[in-house]
Amino acid sequence: MKTAIITGINGQVGSYLTEHLLEDSYKVYGIIRRASSLNTQRIDHLYNNPNLELVYGDMSDASSLLSVIGDVKPDTLFHLAAQSHVRTSFDIPEYTGDITGLGTLRCLEAIRKTSPKTRFYNAATSELFGSTSPPQNEQTHFHPRSPYAVAKMYGYWATINYREAYQMFCTNGIVFNTESPRRGETFVTRKITRALGRIIYDLQQDLVLGNLDSKRDWSHAKDSSRAMKMMLEHDHPGDYCIATGESYSIREFLIEAFEMCNLNYQDYVKFDSRYLRPSEVDHLRGDATRARKELGWEPEYSFKELVKEMVEADLNLAKKEYVLKIDET
Ligand code: GDR
């Protein structure tokens with residue numbers, strides 16, 4: 001039986017990746033950060049699976065990583081944990097550098113010291129490209145535009161350095177924006193679909209956003225997490241862009257979502273400069289030719305299908321909220 005450790009197992013991508021690995025008979029160990037409120041909702045449906053085990057650990061705590069990795073000595077480790085919110089990284093840059101940058105190094109060191117045959121996947125990001133013009137691929141110049149992206153740059157190069165210095169199997173997935181009904185509610189796509197559902201059920205009157213003109217290459221998290229598994233099952237390590245090759249502005253996402261419910265977004269969306277970033281990333285559109293050719297990876301979801309799934313899920317969620325509210329009154 002193949003074994004995997006996932007850091008960030010309870011995040012959006014971690015939950016889909018866990019499903020893919022369990023379906024393929026992996027034994028999966030998930031590292032969970034201790035928190036005073038529940039943080040396992042995205043994987044609760046897998047809790048009774050005998051091949052899933054959750055253990056406490058933290059990206060700031062090298063000894064916890066050393067002991068989990070040293071005990072399990074997994075075939076693969078998928079490193080997804082991070083302080084992953086770009087806007088928030090401007091408010092807590094040092095914490096972001098510690099968790100997102102040094103956290104990656106701590107995983108690599110724990111593997112080098114206790115389990116050097118473990119294959120390592122690092123969740124790099126299209127944010128590395130920052131202000132560089134699209135289309136972006138593995139050869140494109142990096143120009144990070146946030147403390148988050150700067151921290152991810154450190155993790156990206158640490159991953160390559162361990163591959164070169166110690167001949168470890170270390171791979172970077174340069175993954176463009178990845179969304180789904182499980183996306184955190186403070187990221188823009190989910191903020192939009194969540195608000196839309198609540199507007200329809202009269203639970204919310206408007207939607208306050210920042211810059212609507214930036215463009216992103218949005219894939220479904222089910223597709224991007226499948227690519228991650230393929231990267232560590234490939235016969236050699238490398239760096240791969242994972243993207244659909246299409247980009248849409250935030251405004252286009254709004255139009256698509258609101259028109260699905262026969263509404264005009266302009267009647268509901270308000271602007272607040274608090275949601276602007278001190279330095280913005282204007283346009284990301286990835287070229288995933290290498291992943292398509294070498295891994296045989298293809299995205300299955302179109303932009304329209306992704307938006308539809310998110311809108312439908314959030315309409316259902318808002319309906320439940322509405323029913324609960326009616327019950328209470
Ligand atoms: P991003 O995702 O920064 O691309 O990083 P996010 O959804 O936060 O922003 C996308 C774009 O939308 C604009 N925007 C807003 N964003 C948020 N969050 N909230 C708003 O109210 C809002 N209004 C407009 C932003 O300015 C931006 O241009 C995501 C994260 O998942 C990273 O961790 C990951 O590495 C990258 O995607 C790839």
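**Group meeting: the ligand site, helix 5 and two buried residues**

I'll start at the ligand, where a nitrogen atom lies 2.9 Å from a backbone N or O atom of G210. Taken alone, the ligand exposes 710 Å², and the protein buries 95% of that. Before going further: this is a predicted model, and the distances I quote should be read as such.

Two side chains also make short polar approaches. An N or O atom in the side chain of Y148 is 2.6 Å from an oxygen atom of the ligand. For the side chain of E280, the distance from one of its N or O atoms to a ligand oxygen is 2.6 Å. Both residues are on the list of those that come nearest, which reads S84, Y148, S214, R277 and E280, out of 24 residues around the ligand. By type, the shell divides into nine nonpolar, nine polar and six charged residues. As for secondary structure, helix 6, residues 188-200, and strand 8, residues 207-209, each supply at least two residues of that shell.

Y148 takes us to helix 5, as one of the buried residues of that helix. Others on the buried list include K152, Y156, Y162 and R163. What do these buried residues pack against? The partners are helix 3, helix 4, strand 5, strand 6 and strand 11.

On geometry, helix 5 covers residues 147-166, which is 20 residues, so at 1.5 Å a residue the span should be 28 Å. The end C-alpha atoms are 28 Å apart, which agrees. After the helix comes Q167, with a positive phi near 55°.

Now the other end of helix 5. S146 sits in the loop between strand 5 and helix 5. Is S146 buried or exposed? S146 has a relative accessible area of 4%; the cut-off for buried is under 20%, so S146 counts as buried. Leaving aside neighbours within four places in sequence, its contacts are V86, S89, F90 and E127.

Last residue: M231, in helix 7, residues 221-233. Its relative accessible area is 0%, so M231 is buried too. Not counting residues up to four places away in sequence, M231 touches Y121, F169, T171, N172, G173, Y240, I242 and L295. One residue missing from that contact list is C170. The C-alpha atoms of M231 and C170 are separated by 9.9 Å, with the two positions 61 residues apart along the chain as the offset.

That is what I have; the ligand contacts are the place to begin the discussion.

Conventions. Residues are numbered from 1 along each chain as its sequence is written. This is a predicted model: local features need pLDDT of at least 70, side-chain atom pairs count only at pLDDT 80 or more; totals for chains, interfaces and linings use all residues. Side-chain values use heavy atoms; hydrogens and water are left out. Helices (H or I, at least four residues) and strands (E, at least two) are DSSP runs, numbered from the N terminus. Buried means under 20% relative accessible area, exposed over 50%, partly exposed in between (1.4 Å probe, protein chains only). Contact means heavy atoms within 4.5 Å. The expected span of a helix is 1.5 Å times one less than its number of residues. A residue is near a molecule or strand if one of its heavy atoms lies within 4 Å of it. A polar contact is a pair of N or O atoms within 3.5 Å; within protein, one must be able to donate a hydrogen and the other to accept it, and residues adjacent in sequence count only if both atoms are side-chain atoms. Accessible areas come from the Shrake-Rupley method with a 1.4 Å probe; for residues, only the protein chains shown count as cover. Ala, Val, Leu, Ile, Met, Phe, Trp, Tyr, Cys and Pro count as nonpolar, Asp, Glu, Lys and Arg as charged, and the others, Gly among them, as polar.
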